[in-house]
Amino acid sequence: PDYRRRMYNSNIINKIVEKLEEGLAEVQGLVEGEEGAAERQLRSVLEELSVSCARYSSITRGAGSGPGIGKTKLDKERMKLCQRDIESVGNMARNLKALVTKHSFKDRYKTAQSYLQKLKFLIEDPQHSLPDVFIWVISNGKRTAYQRIPARDLIYSIVDEESGRHCGRVFTMFLKLPGKKGLGPSGWAIQCKLQIFMWLGLIKHKKNFVNGLTKGYEISHEIRSAERPRAMPPSVIHYTSKFSFQLRAYMYQARSLIGSDASGLSDPFARVIVGEYCKTTQVIDETLSPTWDELLVFDEILIYGTKEEIKNDPLTIIIEIFDQDKVGKSEFIGRALAKPHVKLLEEPYEKPEFPPSLEWYEISRGPEHAGELLATFELLQIASSVRDRTELPELPPHKENLHTPHLPGEPESGPLLPVPRGIRPTLAKYRIEVLFWGLRDLKRVHLMTVDKPRVDIECAGHILYSSVIQNAKKNPNFSTPVKFLELELPEQELYRPPLTIRCVDCRSFGRFTLVGTHMINSIHKYMFTPLTKREREAEERKRSLQQLQNEDGNEVQPPQNVPLNNMANGGIMVKENAPLLNKETIIVNYGTNQISAKDIKTETNRKRKQSVEEFDEDDENRDWWTKYFASVEAMIEESKEKRKEKQLQLTNCSLPIHVDSVSTQHSPVADNKMNKAKLGQSAAAKIVAKLSPKSVRRKVDKTAKMKIYPSELECQPVFNGFSEWLLTFELYRGKKTGDDVEDENRIVGIFKGAIKVYKWPLPKDVEDHTIMGLDP
């Protein structure tokens, strides 16, 4: 019977799953990036999923009456199930795309993950098809390594979606140990790397097997007669097109590696594998974020194929990270795969393509994430003659008195070459200042309480140690709170190393037990730029101007009772808070008539009566509700005034300034003469009445008001969300699972402190002394 349809069906669903998985991984990577980018990417992923599901339906329904149909009832029922479920997923993905918003992003992303799990369940067919293919490596009559390839990965079909992922192309395969040896830590390392070309299909399709071969080979008699059904496939393919290249591996640093030693740290080194060549970096002791800053040069690598194919699909580079143990074999930490930037001989070595920028590569160990590698790789074509090889970019000068330490069983390398200046990040001197405040809620470790904890801050291979808390139960705070560390860090945000916070318990006999860790992926959010004296003054001026514009009653008016000739140089006099004349002052002899003693006595009686009234209306006799409603009314009036001012500013496009209608063109001397001439006794009496305290008839509301906010205090900027000035870092122990409930159980304590990273030395005119560890 023909079982191809079972494999074709699985291949189509598998390609949909791979595309969806890749898209969701990109979405996850954009969550902490630009605002709105993750939502846009999720919408495009869901749109692509709905299109792929529609394509699946059209292919399977069109092939329903063709060859290769399953003969069993289970095949027909499974096809109905797959069509129904995939159509349902496509429709739901189309509907979900319209519901993706900023606030609902997390739930929509989880829903998309459920679609992925549903499709993964449909990949494997419950019935057998063709048997799998086994590849064995045999040494001295013993099977040392193997790999198992499902037949559906090699099957060929004229429909591209139905073909296997490894069919008709050269791919790299890693062989593993047989039996139980291949499980667990012993199976993480690569036993054998194999580049292989495989094709599985019908005899009538045999002519298509050469389509996926790398071009540049000599067309032999077997390849010419490939269309003939009984012709034998070629046993050897002879390549006439081959080129020599130089590979440069720029190994800068790694971060968030897995701790392999008992202390929770590692002594990592990297091994770069290209074809049959291999080179190793130096070993960095006791760190999870090593900075190698090393250039590995592979002088002459022979690659077969045409230049175009080498440029479009270069060879795969394998980078393996190990922890060097002084006794025994090095322990495998993780592996990363990379593709180099190819420069052909006729291409110029210039920007923007060359020199390449450093990139982050994911390091994995088995199915789990094991860290990230910051590196880049160049594949430079070299001429066949030695004379023409001067066109290669010049290598950087080697580091003084440093050689790559060779590992046992490997040849000794030459001097250590650093990553050149055009590729390596631009470094600057920084200071990391840490306020070690205290530790809270520490749980037991190995059934023992944590009595003498210490906190270590690691960044770019440098470690800052806190003081040891002598008794965490009595006093969980540190005795020496402020410490700092000076180091060189990249100025570009992308290349900044992570910050690792570790808490260890100092036990008897010099033993240190790891309590928990907290990983900060980037120190960018703790970067601090201190203000110079000039910048601080400009900031204060800007703030005072904004306060002036936002104040209640933005209209700046001169005092009404003061002539405009008192405003020198056209300036505006702001109304003073204190009166120019004291209340007790009695104005006499202001004009032609004098005020008699009777008027003075009347004025004194009136003031006494007014003071008694004010005492009766004092705050002590007012209840809380009176003050509250008076405050509410004041707030409403204030909001109305602000609304009016905003409307005025929108209409006038400037701050409205009201001045008196008196012209300012006259000189003060002319005004005095005119006033003396025109003002008679009646006018003088009016002025006296206007300036005299007798004219004050308006009753001033002296009710003490409170400040009322329109929303919660947490939402007010002045209260800073009720957050304390100390930062809280949760310390984790154990493996991260992604489940919120289980991850909460991993918390073993809390570290309270503050971190600031700033350039050092500080500018000379900086006034902010708090960043230098002084008491604010």
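A residue is taken as buried when its relative accessible area is under 20%, and as exposed when that area is over 50%. With this cut-off applied to the predicted model, 37% of the 776 residues of the protein count as buried. The protein holds 12 helices and 21 strands, and its accessible surface comes to about 48400 Å², of which carbon and sulfur atoms contribute 53%. Among the contacts with a separation of 6 or more, 67% are between residues that stand 24 or more positions apart in the sequence.

Helix α4, which runs over residues 105-121, was examined first for its length and then for its surroundings. Its 17 residues, at 1.5 Å a residue, should span 24 Å, and the end C-alpha atoms of α4 are 25 Å apart, a value that agrees with this expectation. The buried residues of this helix are Phe105, Tyr109, Ala112, Tyr115, Leu116 and Leu119. Because these residues cover an arc of only 105° around the axis, they lie on the same side of α4. Exposed residues are found on the other side of the helix, namely Lys106, Lys110 and Phe121. The cover over the buried residues of α4 includes three helices, α1 (4-29), α2 (37-62) and α3 (73-99).

One of these covering helices, α2, also contains Arg43. With a relative accessible area of 28%, Arg43 is partly exposed, since this value falls between the limits of 20% for buried and 50% for exposed residues. Once its neighbours within four places in sequence are left aside, Arg43 is in contact with Lys97 and Val100. Arg43 and Ala98 are separated by 55 residues in sequence, whereas the C-alpha to C-alpha distance between Arg43 and Ala98 is 7.8 Å.

A further feature concerns the surface of the protein, where Tyr709, Leu713, Val718, Phe719 and Phe722 make a nonpolar patch of about 450 Å². Of these residues, Leu713 is placed in the loop that connects α11 (681-691) and β20 (727-732). Leu713 is partly exposed, its relative accessible area being 34%, and this value satisfies the requirement of over 30% for residues that make up a patch.

Technical notes:
Residues numbered from 1 in each chain as written. Predicted model: local features only at pLDDT ≥ 70, side-chain atom pairs only at ≥ 80, totals over all residues. Heavy atoms only, no water. Helix = DSSP H or I, 4+ residues; strand = E, 2+ residues; numbered from the N terminus. Expected span 1.5 Å × (residues − 1). Buried < 20%, exposed > 50% of the residue type's maximum accessible area, 1.4 Å probe, protein only. Arc of directions from axis to C-beta. Contact = heavy atoms within 4.5 Å. Areas by Shrake-Rupley, 256 points an atom, 1.4 Å probe, with all protein chains shown as cover. Patch = residues over 30% accessible without salt bridge, like charges linked within 9 Å, V, L, I, M, F, W, Y side chains within 5 Å. Salt bridge = Lys/Arg side-chain N within 4 Å of Asp/Glu carboxyl O.
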